[in-house]
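Here is a walk through one protein model for the bench, from its buried charges to its surface. Keep the structure open while you read.

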Amino acid sequence: MREEKINKRHQLPSIGKLLQPHIFLCFLLLVRSTAIRPSVDSVGVPNSNALLHNDTHRTTISRSVQAIRGGEKRPSAVMEGLKNSMASALASCCAKTLLQPFDTIKTVQQHSKSDTAIGFFEAIHMIMDREGGLGFMGLYAGLAISALGSVPAIGLYYGMYSYCKRILIPLFQGLYGSTSTNDKTRPLLSDQSLKLIAVAISAAVGNCVASVSRVPYEVVKQKLQTGQYSSTIVAISSMFQAHGLSAFFPMGGVAIQMIRDIPYAIFTLLSYEYLRDVWANKDQKVWKDMVVGGTAGGFGAYMTNGLDVIKTRLQTSPELYNGSVLVCAKLTYQEGGITAFLRGSTSRLLHKIPANGMFFVFFEFFKRLLLVDAASLGDDTTSPATSKKGKHEKAKTKKARR
């Protein structure tokens, strides 16, 4: 028994040792990447030498990318989607590794069927004091399946989101916005409003595709976090032997995953894109990416916490609710009223705010590293300043025609 405990204690630290050097390297590269941004003097005016250096750097990148692509100004929507897919998968692994304990605490709180909610610190003690558990490292239960399993789901999600957004924004603005080819019709909505509509639709489409692939690893991860299995391999083999593939797709599991994920994605990405347009894009800085990402993630998490409670219960104990979302919601309400749907909200916010802040920092970093936006540097057609410039030029063109 003692040897078995020692073996268990050495399983997760090996995963941490494997991932920590890569995360540290990402932080170093992230800090290094900020050196290409223009410095600002004491009165808030960009330093001219820094601006000159930055412009030269941007021009060099743009020319090299165009040379590689045979003179194309921007990559295709498919290629941009693939690069965003890769950037988001790498960013997800980094963020999940850093903040796994908060996700474990949240799952334990939501899984509890008692009339009184489990407190934050009470959940920590429960996890660490499990019989035959891993002590402190129990907070990292499900890390391997969470970090590695999220790669295909998050990659599909952001790949589809990026692809749809790239297609829909110019389409909507061309049909109903300021860039409409029909000069006789007035714009139906502002370009910013049309962009946000395109973002919402893109987020919904991306999550519809990704939610199915997200269910199996969510189910395994949550069973590990609630102490039902001692390791990822034991969990997968035991579940498969007991119920086959259906164990990874419990009754109602896919439905509630989509019901939670689609609103969460819309709330989060609408907030993120809007805050970047009106604030962060004016002078791109790492800390602004973190603030915008954290704020957007926190807003999305709080607005969908009730759906997350139902999802956790359906995916960990589907037999109690016959796989029905409505039955689960009804029984959860009977346990503690509206407040029952807020269980785990503190832990979820403590996890989602920094997780999204770090995710979007890493995401923007990996996008720059993969030259996702390099071909269009200095040519942002969706920023407010550029939008005003485009409207001014269009008005001048109309006057010239007259």
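## A buried lysine in helix 13

Start with lysine 352, which is buried, with a relative accessible area of 18%. The cut-off for buried is under 20%, so at 18% lysine 352 falls on the buried side. You'll find lysine 352 in helix 13. Bear in mind that you're looking at a predicted model.

What lies 8.5 Å from lysine 352 in space, C-alpha to C-alpha? That's aspartate 103, and the two residues are 249 residues apart in sequence. Aspartate 103 turns up again below, as one of the residues in a network of salt bridges.

## The overall build

Zoom out for a moment. How many helices and strands does the protein have? The count is 14 helices and zero strands, so the pattern read along the sequence is simply α-α-α-α-α-α-α-α-α-α-α-α-α-α. The protein has 402 residues, and 45% of them are buried.

## Salt bridges between distant parts

The structure holds 18 salt bridges. Take lysine 106 and aspartate 308, whose side chains meet at 3.3 Å, N to O. Lysine 106 sits in helix 4 (residues 77-111) and aspartate 308 in helix 11, so this salt bridge ties together parts that are 202 residues apart in sequence. Are these two partners buried or exposed? Lysine 106 counts as buried at 4% relative accessibility, and aspartate 308 is buried too, with a relative accessible area of 0%.

Helix 11 also takes part in another salt bridge, through lysine 311. The side chain of lysine 311 meets that of glutamate 218 at 3.1 Å, N to O. Glutamate 218 belongs to helix 7, and the pair links distant parts of the chain, 93 residues apart. Glutamate 218 counts as buried at 5% relative accessibility, and lysine 311 counts as buried at 0%.

Helix 7 supplies lysine 195 as well, which pairs with aspartate 277 in helix 9 (residues 253-278). Their side chains meet in a salt bridge of 2.7 Å, N to O. Here the distant parts being linked are 82 residues apart. Both aspartate 277 and lysine 195 are buried.

## A network of charges

Some of these charged residues belong to a wider set. Which residues are linked in a network of salt bridges? They are Asp103, Lys106, Arg214, Glu218, Lys221, Arg260, Asp261, Asp308, Lys311 and Arg348. The list takes in Lys106 and Asp308, the pair that meets at 3.3 Å. Glu218 and Lys311 are in the network too, and their own salt bridge is the one at 3.1 Å.

## How the helices cross

Now for the packing of helices. Helix 10 (residues 286-303) and helix 13 (residues 345-369) have axes 7 Å apart and pack at an angle of about 135 degrees. That makes helix 10 and helix 13 oblique to each other, and their crossing is right-handed. Helix 13 is also where the opening residue, lysine 352, is located.

Helix 11 (residues 305-316) packs with helix 12 (residues 325-336) at an angle of about 110 degrees, with axes 10 Å apart. Why do helix 11 and helix 12 count as roughly perpendicular? Angles of 65 to 115 degrees get that label, so the pair qualifies with its angle of about 110 degrees. Helix 11 passes helix 12 in a right-handed crossing.

## An exposed asparagine in a loop

Look next at the loop between helix 11 and helix 12, where asparagine 322 has its place. Phi of asparagine 322 is near 55 degrees, which is a positive value in a residue other than glycine. With a relative accessible area of 62%, asparagine 322 is exposed.

## A nonpolar patch on the surface

Finish on the surface. A nonpolar patch of about 810 Å² is made by Leu156, Leu171, Leu175, Tyr176, Leu188, Leu189, Ile197, Ile201, Val205 and Val209. Which elements give two or more residues to the nonpolar patch? They are helix 6 (143-176) and helix 7 (191-225).

One member of the patch to pick out is Tyr176. Tyrosine 176 is found in helix 6, and at 39% relative accessibility tyrosine 176 counts as partly exposed.

Definitions and conventions
Residues numbered from 1 in each chain as written. Predicted model: local features only at pLDDT ≥ 70, side-chain atom pairs only at ≥ 80, totals over all residues. Heavy atoms only, no water. Patch = residues over 30% accessible without salt bridge, like charges linked within 9 Å, V, L, I, M, F, W, Y side chains within 5 Å. Areas by Shrake-Rupley, 256 points an atom, 1.4 Å probe, with all protein chains shown as cover. Salt bridge = Lys/Arg side-chain N within 4 Å of Asp/Glu carboxyl O. Helix = DSSP H or I, 4+ residues; strand = E, 2+ residues; numbered from the N terminus. Buried < 20%, exposed > 50% of the residue type's maximum accessible area, 1.4 Å probe, protein only. Axes fitted to C-alpha atoms, helices over the stretch in contact; angles between N-to-C directions. Left-handed = near helix turned anticlockwise from the far one by under 90°. Parallel < 35°, antiparallel > 145°, perpendicular 65-115°, else oblique.
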